[in-house]
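Got the viewer open? Here's a short tour, one selection at a time.

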Amino acid sequence: MDGPLQRRHFLAGLGAAGSAALAGCTERLWSRAERTAPDRVSLQVKSVPTDDDQVAAMIANRLTENLRAAGIDTDQTAIDEAEFNREVLIDRDYDIFVMRHPGIEEPDSIRSLLHSDYVGEQGWQNPFSLSDPTVDDYLETQLQLSDDERRETFDSLFEYLVEENTAPFTTVAHHDHIGASRATLDLVTLPIDTIDYLNALGSVTDQFVTDDELEDRDPPSLDVGFFGQQLVSRLNPLAVDLTSIRSVFDLLYDPLYRRIDGEYVPWLAQTARWQEENGHLEALVTLREDIRWHDGEPVDAADLAFTTRFLSDTSLGEGESPIPAPRFRGRQSLIEGVSIESDRTVSFSFESSSQEVAQWAFTLPILPEHIWRPRAEVIGEHRTDALAWDNPEPVGSGLFRYDDAADNEFLHLRLFDEHRLLSTEAPELFDQLSFDPDLLETEDGYDGRLNYEISPNVGSAIDALTEGDIDLIASEIPVDSLERIDESESIRPLTRSTGTFYMIGYNLRHPTLTNRRFRGAISRLIDRDDVVDTFFEGYATVAETHNALVGIPDQQWETTRFPQNHDFPGEDGTVDADQAREMFEDAGYSYVEGELVE
């Protein structure tokens, strides 16, 4: 794949990143010349505590032990989830972190994760401070390709990231989301998106089989259990540090298109007409008729245009520089421009993207302008009211609307009976349903409730499920709690493949971690097979191919290539200290009295 590597990136690398690197080297050379003794290599590993994420804490503990066995002065710090997300994803205050990544939704997600254009932004926008012209070039080239050519470009990128130790992170394992439900609930998988939850709610109505029962019943409800620090009174879809309740936003906010079983399905959009001329791609999107927000206001073209501009700059031009919404940065940055053509029609332009890539932008959640425009006030450096606001009573256009909430207690949603999925306008989507939606119909329209109930820990959530107080547990259940579920006849485990994975991330602002070979040695210091067997009891897949090691599971990628020299220096989770130290010596480091120095 030498073709896509353009000379301008090589020159840019010499002129910018290269000069910065030389400046750093010069500074270190002078520093070393003045020192009388070599510096000890010191690192800090950050993770969340066991109560927040048991697996992340165990991986961090194992990695810390192995780094110490290799003679590296290593400190381990556990921080509660909200503060951890702020330190890593906003402040970039870490050396090494261990955490669960929400998953690579589309291969282009890797662009904002690794491209140097996103250095300095917040969220999952290059939190590692990687600046590599070759990586940038691959990521820019794939934007304009489709199908096989695009896949080949990514394969070459993955090989470069893994074989050359360029990647600023490494994936340990891709895991299943384990939940549980009462045994009588007719579910085949854990619900996670709009269709899933509607089917789950429909399964609760199966007991109502006669017309008399349908008329006399209370509105059907599905009681869903969460546990841990679930901030259900903070329902801001733009927030960076909320990870546990993101599936709720899928129910509250609709996009133009949804991706279902790998296909883009029109949702708020009625049609999208694509046109390409002289390498410039445009899409004319027309909204469906009579779509409304939960507060009754109409959804129109102005809301589409506003959302696009607002996600690119939540200050709407009032900040010294744009303040984008970090959660959706990758998709938003695909859109070059937007213009309103009529009340229901908007024209989108894409400067350098194929249609295959550009359509991913249409999965952005659409926001009501009348709710969010007043939140554009700048309240701090790189921060607007929109990013800090709790949004306690959200207004969207999704299948469910907000009803009530109490922090750390509950969140109640109700069916939005004006939603198109419940109308004859959407017969093509009825095939996605496993029940007759008429079961949810009452004299006043469609009705149904989703009640999210918060428990302090996994044990109390399992108790609530066993006693029939809730129908299912949506939080991720640790594998060591599965025995309680298996022993009960009234409840059963439910799993879901979500694409999420556990990763070890490196901050390239740390001078030692800029050494590729040093990072490569650290990436080998975790026994992935033992992690899957011991920490997950098999409910996960070892990351051992190029694509899996950079976050894309093998079942989502057709070409699987295995790296060379990526084995764990030891066996059964126990590191061989001599082998580990040899790896760091091969990376150019030495030992003084058993301690790694540089």
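Two residues count as touching here when they have heavy atoms within 4.5 Å of each other. Keep that cut-off in mind for the first stop, and remember throughout that this is a predicted model.

**Stop 1: a serine in a loop**

Select Ser-397, in the loop between helix H14 (385-388) and strand E14 (400-406). Is Ser-397 buried or exposed? Its relative accessible area is 2%, so Ser-397 is buried. Now show what surrounds it. Leaving out residues up to four places away in sequence, Ser-397 touches Leu-252, Asp-254, Leu-268, Arg-292, Trp-293, His-294, Val-299, Phe-416 and His-419.

**Stop 2: a proline in another loop**

Keep Arg-292 and Trp-293 on screen, and add Pro-298. You'll find Pro-298 in the loop between E9 and H10. With residues up to four places away in sequence again left out, Pro-298 touches Ile-291, Arg-292, Trp-293 and Asp-303. Arg-292 and Trp-293 are also among the contacts of Ser-397. Pro-298 is partly exposed, at a relative accessible area of 40%. While you're here, pick the C-alpha atoms of Pro-298 and Pro-368: they are 9.2 Å apart, though these positions lie 70 residues apart along the chain.

**Stop 3: the sheet**

From that loop, step back to E9 and colour the sheet it belongs to. In which order do the 4 strands of this open sheet come? They go E8-E9-E11-E10, with antiparallel pairing. Strand E8 (269-277) and strand E10 (337-340) are at the edges; each has a single partner strand, so one side of each has no neighbour in the sheet. Look along the sheet and you can follow the twist, which averages 20° from one strand to the next.

Now walk across it, pair by pair:

- E8 and strand E9 (residues 280-287) run antiparallel and are joined by 8 bridges. To see one of them, select Gln-275, whose bridge partner in E9 is Glu-282.
- E9 and E11 pair in the antiparallel sense through 6 bridges. Try Thr-286, which sits opposite Thr-345 in E11.
- E10 and E11 are antiparallel too, with 4 bridges. Here Val-338 stands opposite Phe-348 in E11, and a hairpin of 4 residues connects E10 to E11.

Stay on E11 and show its side chains. How many of the 6 residues of E11 are buried? The count is 6 of the 6, so E11 is largely enclosed by the rest of the structure. Thr-345, Ser-347 and Ser-349 point one way from E11, while Val-346, Phe-348 and Phe-350 point the other way.

Next, add helix H10 (residues 301-312). H10 packs on the sheet and touches E9, E10 and strand E11 (345-350). The direction of H10 makes about 160° with that of E10.

**Stop 4: two helix pairs**

Two packed helices are described by the angle between their axes and the distance between the axes. For a pair to try this on, select helix H5 (residues 133-143) and helix H6 (residues 147-163). Their packing angle is about 165°, and the axes are 9 Å apart. Angles over 145 degrees count as roughly antiparallel, so H5 is roughly antiparallel to H6. The crossing of H5 past H6 is left-handed.

For the interface, show Thr-134, Val-135, Tyr-138, Leu-139, Thr-141 and Gln-142 in H5; they meet Arg-150, Thr-153, Phe-154, Ser-156, Leu-157, Tyr-160 and Leu-161 in H6. Coloured by type, the contact of H5 with H6 has 7 nonpolar, 5 polar and 1 charged residues.

Then jump to helix H18 (residues 516-523) and helix H21 (residues 577-586). This pair also packs at about 165°, with axes 9 Å apart, which makes H18 roughly antiparallel to H21. H18 passes H21 in a right-handed crossing. Select Arg-517, Phe-518, Ala-521 and Ile-522 of H18 with Met-583, Phe-584 and Asp-586 of H21 to see the contact. By type, the contact of H18 with H21 has 5 nonpolar, no polar and 2 charged residues.

**Last stop: zoom out**

Show the whole chain as a cartoon: its secondary structure comes to 21 helices and 25 strands. Of the 598 residues, 54% count as buried. Among contacts with a separation of 6 or more in the chain, 71% are between residues 24 or more positions apart.

How values were computed
Residues numbered from 1 in each chain as written. Predicted model: local features only at pLDDT ≥ 70, side-chain atom pairs only at ≥ 80, totals over all residues. Heavy atoms only, no water. Axes fitted to C-alpha atoms, helices over the stretch in contact; angles between N-to-C directions. Helix = DSSP H or I, 4+ residues; strand = E, 2+ residues; numbered from the N terminus. Parallel < 35°, antiparallel > 145°, perpendicular 65-115°, else oblique. Left-handed = near helix turned anticlockwise from the far one by under 90°. Nonpolar A, V, L, I, M, F, W, Y, C, P; charged D, E, K, R; others polar. Pairing = 2+ DSSP bridges. Buried < 20%, exposed > 50% of the residue type's maximum accessible area, 1.4 Å probe, protein only.
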